[in-house]
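Let's take a look at this chain and follow one residue into its surroundings. The sequence and model come first.

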Amino acid sequence: MSDGIYLDEFLPHSPAKVWRALTDSGLMARWLMPNDFKLEVGHRFTFQGVPMPAAGFGGTGHCEVLAFEPEKMLRLAWRAAPDDPSTLDSTLTFTLEPEGTGTRLFLAHDGFDSGDVYQAAARRIMGGGWAGIPGRISEVAAELPVQ
């Protein structure tokens, strides 16, 4: 059975600023984790985080850029490392919609198997973590110059 995480939050920044915060590797490191992200479909990259044995996470997240539409959508594969006990192979999608003077940010992290003990723990942990991410993205976007 698949279980996901879904967020919908208004950010008081233009889609251009939110997009830059989402897709610039250095800015992404400020709201998420250190990474070697590049905005190229097919680019495989890693995040460096804190190991969480209960979720089967050894500290390195393995991702791939699956698709993007500038200032509209970024879709990533979010996978467990080959040597992690978890078999997580999920999809993370950020969708941006202009709204007034800001941006409506939707986050969807799909593909957790609630019947798998590691994935259920990962979903629980990430659910709490993702809840604070829109605010952190907003903080980073607030510091960017007007475009």
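Leaving aside its neighbours within four places in sequence, which residues is R44 in contact with (heavy atoms within 4.5 Å)? They are C63, E64 and R79.

Before going on, a word on the model. It is a predicted one, where local features need pLDDT of at least 70 and side-chain atom pairs count only at pLDDT 80 or more, while totals for chains, interfaces and linings use all residues. Residues are numbered from 1 along each chain as its sequence is written, and side-chain values use heavy atoms, with hydrogens and water left out.

As for confidence, pLDDT (the predictor's confidence in each residue, from 0 to 100) averages 93 over the chain, and 98% of the residues score at least 70. Among the elements, helix 1 (residues 15–23) has the highest mean at 98 and helix 3 (residues 117–131) the lowest at 90. Helices (H or I, at least four residues) and strands (E, at least two) are DSSP runs, numbered from the N terminus.

Back to R44: it sits in strand 2 (residues 44–48) and is exposed (over 50% relative accessible area, 1.4 Å probe, protein chains only), at 58%. V65 lies 21 residues from R44 in sequence, but their C-alpha atoms are 6.6 Å apart.

Here is how the strands pair up (at least two DSSP bridges between them):

| Strands | Bridges | Direction | One bridge pair |
|---|---|---|---|
| strand 2 and strand 3 (residues 60–69) | five bridges | antiparallel | T46 and H62 |
| strand 3 and strand 4 (residues 73–79) | seven bridges | antiparallel | V65 and L76 |

Strand 3 and strand 4 also make a hairpin, with three residues between them. In that turn, E71 has a positive phi of about 60°.

Definitions and conventions:
Buried < 20%, exposed > 50% of the residue type's maximum accessible area, 1.4 Å probe, protein only. Contact = heavy atoms within 4.5 Å.
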